[in-house]
Amino acid sequence: MFLRALGVPPEAVPDDEDEQAALYRSMLAHRRILVVLDNVASSHQVRPLLPAGRHCMVVVTSRTEPTGLIALEGAQPIRLGAFTPQESSVLIRRLMHGDPAGAGTGPGAELGQLSGHLPLALRLAVTDIDRRCVVSCSAAAATAPRTRHPALTSRPRTTPAQEQLAGNS
């Protein structure tokens, strides 16, 4: 995917993963670019996508500590905690387009608590609510599943970094 986004025609993408990574790095070597790799499961996924250029920066988000990147690549972790209940309430109000009934107390607080006050989990919960056309936090909290949102569950992954380099994802 990245090689294709950089203008490499499909027939010019090498079959070999190491060659794909080398081509990707050479194409970025003299560019100023920010690469964002979201929801990374392991350092193994990231390494082929680390650009070689000194003007390139990479932001990696992960639900697990990327110890391999910290130890071997000199990554500097920034740990983000959960929201406070008040911050959760503000986000719920903003995402629900105003100040729905109960966003800050009772059901809204319960929705925040059910989401662990995690920004992504709150966004997913509110998106689900919007999709179901539930207009109040009271109804949302009453119908919210008591299990982890499917988008937040960790599942074993193959190494999609190589697939992204080749444009096969």
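**View 1. Tyr24 and its aromatic partner.** In this predicted model, Tyr24 has a relative accessibility of 2%, and because buried means under 20%, this residue counts as buried. The structure holds one aromatic pair, formed by Phe2 and Tyr24, whose rings are stacked with 5.8 Å from centre to centre and 20° between the planes. Since Phe2 belongs to helix H1 (residues 2-5) and Tyr24 to helix H2 (residues 17-28), the pair ties together parts that are 22 residues apart in sequence.

**View 2. The largest nonpolar core.** Tyr24 appears again here, for together with Leu28, Leu37 and Val46 it is among the residues with the most contacts inside the largest nonpolar core, which has 15 residues. Helices H1 and H2 and strand E1 (33-37) each supply at least two residues of this core. Apart from this core lies another one of nine residues, including Leu91, Ile92, Leu111 and Val126. In soluble globular proteins, nonpolar side chains tend to be buried together.

**View 3. The surroundings of Leu37.** When neighbours within four places in sequence are left aside, Leu37 is in contact with Phe2, Val46, Leu49, Val58, Val59, Val60 and Thr61.

**View 4. The largest pocket.** About 1,300 Å³ of space lies in the largest pocket, which is lined by 34 residues, with Val59, Val60, Thr61, Ser62 and Ile78 lying nearest its centre. Strand E2 (56-60), helix H4 (67-73) and helix H7 (119-131) are the elements that give two or more residues to this lining, and the largest share, five residues, comes from E2. By residue type, the lining divides into 20 nonpolar, eight polar and six charged residues.

Terms used:
Residues are numbered from 1 along each chain as its sequence is written. This is a predicted model: local features need pLDDT of at least 70, side-chain atom pairs count only at pLDDT 80 or more; totals for chains, interfaces and linings use all residues. Side-chain values use heavy atoms; hydrogens and water are left out. On a 1 Å grid over the protein atoms alone, a cavity is a set of points where a 1.4 Å probe fits but cannot get out, and a pocket is an open set with protein on both sides within 12 Å along at least five of seven lines; lining residues have an atom within 4 Å of a point. Grid points are joined across faces, edges and corners, and a volume is the space filled by probe spheres set on the points. Helices (H or I, at least four residues) and strands (E, at least two) are DSSP runs, numbered from the N terminus. Ala, Val, Leu, Ile, Met, Phe, Trp, Tyr, Cys and Pro count as nonpolar, Asp, Glu, Lys and Arg as charged, and the others, Gly among them, as polar. Rings of Phe, Tyr and Trp (its six-membered ring) pair if their centres lie within 6.5 Å; planes under 30 degrees apart count as stacked, over 60 as edge-to-face and the rest as tilted. Buried means under 20% relative accessible area, exposed over 50%, partly exposed in between (1.4 Å probe, protein chains only). A nonpolar core is a set of buried Ala, Val, Leu, Ile, Met, Phe, Trp, Tyr and Cys residues joined through side-chain atoms within 4.5 Å. Contact means heavy atoms within 4.5 Å.
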